[in-house]
Amino acid sequence: MFDFLEDYDLLGAFWTTVQLAVLSAVGSLIWGTLLAAMRVGPVPLMRAFGTAYVNIVRNIPLTVIILFTSLGLNQTLGVSLGANDVETINFRLAVLGLILYTSSFVCEALRSGINTVPVGQAEAARAIGLNFNQVLGLVVLPQAFRSSVVPLANVLIALIKNTTVAAAIGVAEAAVLMKEMIENEAQLLLISAIIAFGFVVLTLPTGLFLGWLGKKVAVKR
Amino acid sequence: MKLRKVTAASATVFALALTATACGGDNNEGGGSGSGDGKTITVGIKFDQPGLGQKTPQGYAGFDVDVATYVAKKLGYNEDQIEWKEAKSADRETMLQRGDVDFIAATYSITPERQEKVDFAGPYLLAHQDVLVRADDNKIKSPEDLNNAKLCSVTGSTSAQNVKDKLAPKAQLQPYPTYSACLPGLQNGAVDALTTDDSILAGYAAQSQFKGKFKLGGFKLTNENYGIGVKKGSDLKDKINDALEAMVADKAWQEAVDKNLGPANYKNEPAPKIGDIKS
Amino acid sequence: MSSVLYDAQGPRAKRRNVLLTVVFLVAVAALLWWVFGTLKDKGQLEWALWEPFVHTEAWSTYIWPGLQNTLKAAALAVIIALPLGAVLGIARLSDHAWVRAPAAVVVEFFRSIPVLVLMIFGLALFAEYTNVTSDDRPLYAVVTGLVLYNASVLAEIVRAGILALPKGQSEAAMAIGLRKGQLMRLVLLPQAVTAMLPAIVSQLVVIVKDTALGGAVLTYSELLSAANTMSGYYGANVIASFTVVAVIFIALNFALTSFASWLERRLRRAKKSTGAVVGAGDAEIAGTAGTGTGGTV
């Protein structure tokens, strides 16, 4: 019953999914934090940029963004992100697309986290003479991160699932393999169950762990 | 409390109205009617292949469309009695088996596997798998030169995989949802070649924006015998064969080739004899 | 809140901000310069490629039919998913474990699986086991995937909406002798539905965005795939077609997002309400018990 699986690189496909997710998660956390800093910062132009970025990017389908990284950035503008072969280029473009998209949600999750930090914290920090970078970096963001663990976990889980959209530019991850297997084998239910199981294994423990962590690190007020 | 119920109710009404209008837009109540009752005939074609079958603001255009129109005329249907349907590659056999369409002219190559499921009239065109490269690119002279080259094709197409499996194992494949997405990359050098049937490639190269920018490799990698697919056992097969013979005889066939594929300097094979399937 | 983070600006801070503004402006301008310069070099800004979009024929032949299909799939998905989600959400609040547990399993399962995987499954399922015509199959598959996923997300929104109501509501209802069914039907649901409206509208944005997957991977003729058909006819104006389609998506979703936050503001202001409002991002925060899969991402 499971014989046909030997012809397919199931683990390899899910490994690609994991790589896409991990690299994009790190990237979107960094870019998302910068965007959040811009949105709450003192420079009006950066605030406007942050707001515009978030409002535009989260309203475009991820599919369109990822197709754009390939058709626009790579095929037209000639950006290949330092790679030479098609597979690596597409993988990196997909990571870039996922970062551009996910960071807007990271930004919003962090901003809601920043809003949970009591005003007194920032006021006290300013009273002892800290400047904006210090107020944000030393006092507000550390607390904001702790209360945004759960919303950020939701963004991460959505990101893991969104890696399947990389299928649109042919990155060989789990959804591409699923399509290929369904076309070649008459085992629809079994194949779907296996792929679904793979994603449950990736997302469920992540959600449970981060949910637990969120409760553990939450600032008691 | 009352007010809130009204809000909820109006939201529901709004949502329902939205679907009603959204659904109202299209009513292609399909179902291939049997032939000859003087009403309409349903024909499957491609919608996104310039030169062969392309949806345009003025209707449908291309070689397959011209052939289908001619055939339908011989079967007793005027142009306005034809209902065009999009026949995507993967759906063609099912559409015929279920009777969604009466016949299909959509770059439909006759193969033994397909002949088990459907019947074919024709062939009406002999095409070959080929590559499209930049006009100034002299590196790709034989199929083996495709090694290490970046080869663009559409998702799920077998032609690119064939090249990789049989001729150039080191070729890199770039899949896109449609062939037209490959063209900017080919023009800019992000991919080196686009591979599929030469008739399809010629259709793209013939577009005015690309005149002189691309050329066909002329490799003749395979023989693709385009046939008109009909339901297994259908009596349409013989009638369509007669129509195709008539089309070649009264020069309408060559006119259609010249009109749709000519601008790309596509050197077509002579009209194939009915039933002469080159393997 | 943001203004609390920094002091009123003195002369030095003002100078620094001006400097930062200039540096940032130069960086953004340089990026745009490079993008447009390269696009121009590659001939992508030629008027011939963009010209079709100022004529109505491109809109009536390709874009409008595509947009209709996008809206159709989204609307069908919402209308089927809403009642399903309501049932699942209420079931998760049941007093009986044998109702609660299966509902929880269903909700958590479908929230952990990518909607694309559900769509691919749906497509193969309809092809193999039903006689849905090939015309309708992609639509059915897209709607199935969207319904399975969004019913579970909406279930969490419904649950959050009911949980957000003040406890006094249920207590008062029980005090006057209502049964559990009556409590839910007459007291909690009517208030929760209003409280949930903003979250439901935001979920529509997710649904509209996800229909694009149907175009890119399942051959559903929606707005994104209209860009493909269109670029075949207009001389492979891929960049132009995709840009126009992206702008339409942004406009549509921006309208929906704005409508959602307007609703939210209005409901929060309304004095007569219980004050319970489920905003765009609240559902996932409320649903911490399980995995919680980012309703709005």
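Let me begin with one residue, C:Pro190, which sits in helix H8 of chain C, spanning residues 180-217, where helices are DSSP runs of H or I with at least four residues, strands are runs of E with at least two, and both are numbered from the N terminus. This is a predicted model, in which local features need pLDDT of at least 70 and side-chain atom pairs count only at pLDDT 80 or more, while totals for chains, interfaces and linings use all residues. Residues are numbered from 1 along each chain as its sequence is written, and chains are lettered from A, with ligands numbered from 1, in the order in which they are written.

Is C:Pro190 buried or exposed? C:Pro190 counts as partly exposed because 16 other C-beta atoms lie within 10 Å; with C-beta atoms placed from the backbone, 20 or more within 10 Å would make a residue buried, 12 or fewer exposed, and anything in between partly exposed. Its C-alpha atom is separated by 9.7 Å from that of C:Ile162, 28 residues apart along the chain.

Turning to the whole of chain C, we find eleven helices and zero strands, and buried residues make up 52% of its 297 residues. The C-alpha trace spans about 75 × 70 × 30 Å along its principal axes.

Finally, the neighbouring chain: 59 residues of chain A are in contact with 55 residues of chain C, contact meaning that C-beta atoms, placed from the backbone, lie within 7 Å. On the side of chain A that touches chain C, the largest share, twelve residues, comes from H9(A).

Definitions and conventions. Two residues are in contact if their C-beta atoms, placed from the backbone, lie within 7 Å.
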